[in-house]
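User: Please take me through a close look at one part of this structure, then work outward from there. I set up calculations for a living, so please give me the cut-offs as you go.

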Amino acid sequence: MNFNVDNAFALGTYEGSSTRTANKFIVLHETTNIGAKANASYFKNNWSTTQTYVQYVIGDGGKIYQVGADGYQAWGAGSYANANSPVQIELARTTDKATFKKDYATFVNFARSKAREFGIPTTLDAYGNGIKTHKWISDNIWGSHTDPVNSYLEPFWGITHEQLAKDILSGISEPVAPKKTFTNINNVVTVLNGNVKAYATYKKDGSANGTTNIGPGTGWISAGIEMINGKPHYLIGGNIYIPQSITTFNDRVAINSDIPVHAVDHTGKVVNIDLVGGSAWKFGSMSNIPGAGWCYQIATDMFLPIEYAQGSGFKG
Ligand SMILES: [Zn+2]
């Protein structure tokens, strides 16, 4: 099987580790955010001795982007796994079913191909050398990450560990139909294309996540909106929040419903004006309204509760 690999974001000669690996494992990850190109670009532009990067990022409809060089250490899964894995692969997220089918088939088949190239068995998370999930590395060697199955493949697309193991063993000739379809785009938030290398993320207590920055233009699935440092923030990972002000929703709030919803006034009484699903509203400050909780102020005496906002994590 031949693969087209895009080298636009490959690390240069003096970038990345110059230490060779042993050939024991191929490690499988998922990026936690949307888009392979954006992730590969982020790895390339934020390369340093403390930031994560891997050899390949797969997504965007089966595209493969190379970052680190095969057979040289990447920084994706702790020192032992990094020293023994000639290839580590990130699967980027998508919310589109057709895109996912291509991404998953390429992810599986490319991992198998790299395993054969380095004389590594095409078994998943079995005893000894082989293809390993990051979760297996965490459970058996070091770390706490549970990707890619528990964090993405199973909850979003219904692909169990057993299914992935079967596919890794035999390969995918015809892309499989995901058992579950993830169609809720209402909770996707997109970071602004600002002229910065990366944006900071925050914890619930308001402090910065020193080791977790995110790239401009990246898309994320938000699990909720919370007030942090007095401003609305999206929850994009375990205790990882980004300010609404660095997203395309920096000055407006879009309604997450396909039927009209209603705002409340400053006393919490429903305002009888239909706000059409999908419509976007400029907002000023945030107010905590009795009975409605935190709301976006969208008119002089109209406040939209955050559960009606795209990015609120509400699944309907
Ligand atoms: Zn991982």
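Analyst: **A loop residue and its surroundings**

Leaving aside residues up to four places away in sequence, N84 touches T21, A22, N23, K24 and F25, where contact means heavy atoms within 4.5 Å. Before we go on, please note that this is a predicted model, in which local features need pLDDT of at least 70, side-chain atom pairs count only at pLDDT 80 or more, and totals for chains, interfaces and linings use all residues. Residues are numbered from 1 along each chain as its sequence is written, and side-chain values use heavy atoms, with hydrogens and water left out.

N84 sits in the loop between α2 (79-83) and β5 (87-93); helices (H or I, at least four residues) and strands (E, at least two) are DSSP runs numbered from the N terminus. With a relative accessibility of 8%, N84 counts as buried, a label for values under 20%, with exposed meaning over 50% and partly exposed in between (1.4 Å probe, protein chains only).

F25, one of the residues that N84 touches, brings us to strand β2 (residues 25-34), which also holds H29. H29 is a zinc donor through ND1, together with H134 (ND1) and two OD atoms of D147, at 2.0 to 2.7 Å from the ion. Donors here are N, O and S atoms within 2.8 Å of the metal (3.2 Å for Na, K and Ca), and since water is not among the atoms, sites may look incomplete. Along the chain, the donors follow the spacing H-x104-H-x12-D. D147 lies in the loop between α4 (134-140) and α5 (149-157), so H29 and D147 tie together parts that are 118 residues apart in sequence. H29 is buried at 2% relative accessibility, and D147 is buried too, at 6%.

Now for the geometry. Angles of 52 to 141° between the four donor atoms make the arrangement irregular. Four donors would be tetrahedral if all angles lay between 85 and 135 degrees; four are square planar and six octahedral if opposite donors are over 155 degrees apart and all others between 65 and 115, and anything else is irregular. For reference, the ideal tetrahedral angle at a metal is 109.5 degrees.

One last stop is strand β16 (residues 286-289), which contains M286. M286 is buried as well, at 14% relative accessible area. Beyond four places in sequence, M286 touches M227, P232, W294, C295, Y296 and I306. From N4, M286 is 282 residues away in sequence and 48 Å away in space, C-alpha to C-alpha.
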